[in-house]
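Biologist: Could you take me closely through the aromatic rings of this protein, and through how they pair with one another?

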Amino acid sequence: PQPTLTLAAMPRREKKAGKEKSLQQIEEEDTEEAIDQIGLGMFHWEVYLIVGLFTAADSVEIGFISFVTEVLKQEWGLEESAKATMEAMIFVGMLLGAPTWGWLADKYGRRPIMLISAMVVSIFGFLTAACNSAGQLIPCRLMVGFGCSGCVVAFDVFAELLPTDYRGPLTMSTFYWFTLGALYSNVCAKFLLCSMGWRTFTIVCALPTFVAAAAGFFLVPESAHWLVAEGRKKEAAEVLNGIAKRNGSPMRYSSLTMPEVLEEVGTMDLCTRSKLRRPLIFMMFTWVGWGLAYYGIALLLPHLFSEHKELAKETQLPNMTTGATSVSQFINATAGATSALSGIPNVTAGVLSLSEVVETATSVSQKCYGLSFNFKDIIISNAGQACGLTVGVILVNRIGRKKTQAFLYFVAAVFAIGLGFPNWEKDILTIFSAVSLAAVNGASSCTWSHTPELFPTHARVLATGICSAAARLGAASSPYVISDLIPPFPTAMIMSSFSFMAMVTILFVKETAGHKIEDDDIESSDDEASEVSDMSDGDFNLNPRDIDME
């Protein structure tokens, strides 16, 4: 049955700032129609800023670990494999967290899961600064990654509260914040990493998620779509009434509805309905492809644009026979030796005092242990991401989701090959890194927007979470791919191949720009048509206004 619309006989009037505004009270309305009727307003821009901070937090954490591991490799005397493992842990956490948070968000609601995951990132982000060994840091980064994967829930909340006409461009534009996050970590590294130490740098990099969580607690409501799907129709109406009031819209609702079939489409349908299962499989391959390509290039930048020079003799730590393999171990060992020899005449004269050791170690730390980062090229490469995203935003509704992604993934695949020649001039390498990173960022941002459009409400966050986990699988492999364990040219070819794979697999899913998913698109695939004909009386009559995110 169609939703019943009833206007109040005597519209209520609301006074605000000296103006009277007639309120249109509607007894029952479809959720998507109600969101479109309210329109875009101040509420959406407030939530946009919060979602932007969540998005930036992801790239801040990636930029953070790529710089810190280069420093800790020297300070803690890390092997290349240990360094790669430290970088990979955040992605392993994301791999574990993405389906977990997705399932929890579909079951218990978007808002609480968004806030809990953000607090996990903040807590373990701050705890990272207190770590004194790889054994302590790795679990912290694992938990940061686990929490980071829940940030995707904020993206879905935003998408589900946007009017249809603005959904595609605005959800894609949130990824400008991904670029801002990368630039934030670059600038903080430039001014804090060597001058104030990696621990201060760590704390500053953990702040964006904490700020987003605090703001989200006060400003982000539960998803009206999720509430309706759970049968909590009056609560959903209250959410939209609050949005309407904030936006200055006269629309008010007593109850919200959704097409009956959407109430019956759930999580298990991702596996049991072939036309949900098929796009899920292809999108997973697409996400794996861009995950390795994007994060591989992003993590490669501090390695590609850095040099390790021997420090001047006066700032080098003395060659002590203490068995120390790192600065911290050297300080501890020297302190013990100084204490043990302090009572022996004519011996302590040849032993450094603890204060001298600490002073020397501090001097070494402030010089980043001989590391020199070319921040200009790193920042230019990261800033290029905004250009790729702009191209994606321009093309996504003009030529469609699929063509936009295929084109940009192809460009990324071509230019990634150039990163296999580290001896080229730095300016040339900057061009290849900037274009490849820009292209894969623009393409993956479109993939982020495209994916939720393929799935119904009850399965949307879980489907996006599964795809996000697939991206993290590729991302978790990237630290080992870019490490010194693999030569530069094979590294570049691997990243290029994965971007090319993403280009191919995206061509096998449905184009959603300006289209709606029809009944048979959900119910069955072509090879199951005979089975469907026997069940024609029970066919779903899907109206996907909840899905179409044009």
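Modeller: What follows is a look at the aromatic pairs and at the charges that sit over rings. This is a predicted model, in which local features need pLDDT of at least 70 and side-chain atom pairs count only at pLDDT 80 or more, while totals for chains, interfaces and linings use all residues. Residues are numbered from 1 along each chain as its sequence is written, and side-chain values use heavy atoms, with hydrogens and water left out.

The structure holds 27 aromatic pairs, where rings of Phe, Tyr and Trp (its six-membered ring) pair if their centres lie within 6.5 Å, and planes under 30 degrees apart count as stacked, over 60 as edge-to-face and the rest as tilted. One of them joins F67 and F373, whose ring centres are 5.3 Å apart and whose planes stand at 75°, so this pair is edge-to-face. Because F67 belongs to helix α2 (residues 42-75) and F373 to strand β6 (residues 371-373), the pair ties together parts that are 306 residues apart in sequence; helices (H or I, at least four residues) and strands (E, at least two) are DSSP runs, numbered from the N terminus. Both F67 and F373 are buried, a term that means under 20% relative accessible area, with exposed over 50% and partly exposed in between (1.4 Å probe, protein chains only).

F282 and F508, by contrast, form a stacked pair, with 5.0 Å from centre to centre and 10° between the planes. F508 is partly exposed, at a relative accessible area of 41%.

Elsewhere, ring pairs link F91, F155, F175, F178, W287, W290, Y294, Y295 and W448 into a cluster.
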